[in-house]
Amino acid sequence: MEQRFQNDFTGAPYQEPVVINQLERKKDGLAVTSLVFGILGIVFCWCLVLPLLISLCGFIMGIVSLVRTRQHTGLALAGVITSAIGIMLCILFFLLLIFWL
Amino acid sequence: MKKTWTVNANGVNHTIEYNGWALFVDGAKYKLKSANWFVQMIDYAVNFGDVQCRLVVIGNKVDLAVNGRYLGSGQPYEPLASIPAWVSVLSGISCVMGFLLNSWLGLAIGCLLGVLYFKTFLKKKRASSVIIAFVIATVCQIILGFGVVILVSGL
């Protein structure tokens, strides 16, 4: 407010600032996280419990991202697929461990 | 982390202030939203008529670009929207894998590496540089993880 009075005093016209988020269309956090969790679920599938949880989180996030936004479906779809593969690999390793023991 | 800049647009001084979670333009508050979950990534345009300002935050680095040039570094402005999604994926992998391998230390290193990937891509504009940085960083994280395991098992 003080700034505006000062500007009025100098006589220069005050221009209202226009603030825009340049990355508004790139807010694909859920889809990116889903893909990250899916990839890590596949890489660490031999660790059994933790990657299973990670893959499940990734799968849910991917589905939510697909349902909520129609944008970035490629990333979200990749996240869902990698997470599903991660879940399957985790279950496979779990079953192999049970049969092996 | 508080930073203030004064920008002169058509003879009028405007104050732009960044305090970590909000942007204040001439006292008016604007809530900031990061485009990335793992590394803070903010690119807000603040236009005063002909004068175009860009508040850019990557990780803990904050700078204001006025008419296409950063006030702090003097480098030309590069829009963060040009960074592809796979760089975000790599930074996310570094963060989460770092946490899984080396707990909070790994997460902190992963976040720093994420910033490095973004900056490398903005500077070199080449996928190969980012992938090489990612591979080296991943190998270092794994070595650190093994080091921590050996250290813990030896105690």
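## Hairpins of chain B

Strands S3(B) and S4(B) are joined as a hairpin with two residues between them, and B:Asp26 in the turn has a positive phi of about 50°. The structure described here is a predicted model. S3(B) pairs with strand S4, residues 28-31 of chain B, in the antiparallel sense, and four bridges connect the two. Within this pairing, B:Leu23 has B:Tyr30 of S4(B) as its bridge partner.

A hairpin is also formed by S2(B) and S3(B), here with three residues in between. The turn of this hairpin contains B:Gly20, whose phi is positive, at about 105°. Strand S2 (residues 12-18) and strand S3 (residues 22-25) of chain B run antiparallel and are joined by three bridges. B:Ile16 stands opposite B:Val25, a residue of S3(B). S3(B) thus pairs with S2(B) and with S4(B).

## A sheet built from both chains

Strands of chain A and chain B come together in an open sheet of five strands, with antiparallel pairing. The order of the strands is S1(A)-S5(B)-S6(B)-S7(B)-S8(B). The edges are taken by strand S1 (18-21) of chain A and strand S8 (69-70) of chain B; each has a single partner strand, so one side of each is left without a neighbour in the sheet.

The link between the chains within this sheet is the pairing of S1(A) with strand S5 (residues 41-48) of chain B, which is antiparallel and extends over four bridges. Two positions illustrate the register of these strands. A:Val19 stands opposite B:Val46 in S5(B), while A:Asn21 stands opposite B:Tyr44 in S5(B).

## The contact between chains A and B

Chain A contributes 26 residues to the contact, and chain B contributes 34 residues. On the side of chain A that touches chain B, the elements giving two or more residues are helix H1 (2-10), S1 and helix H2 (29-43) of chain A. H2(A) supplies the largest share of this side, with seven residues.

How do the residues on the side of chain A that touches chain B divide into nonpolar, polar and charged? There are 15 nonpolar residues, eight polar residues and three charged residues on that side. Strand S1 of chain A therefore has two roles in this description: S1 stands at an edge of the sheet with a single partner strand, and S1 is among the elements that give two or more residues to the side touching chain B.

Technical notes:
Residues numbered from 1 in each chain as written. Chains lettered and ligands numbered in written order. Predicted model: local features only at pLDDT ≥ 70, side-chain atom pairs only at ≥ 80, totals over all residues. Pairing = 2+ DSSP bridges. Contact = placed C-beta atoms within 7 Å. Nonpolar A, V, L, I, M, F, W, Y, C, P; charged D, E, K, R; others polar.
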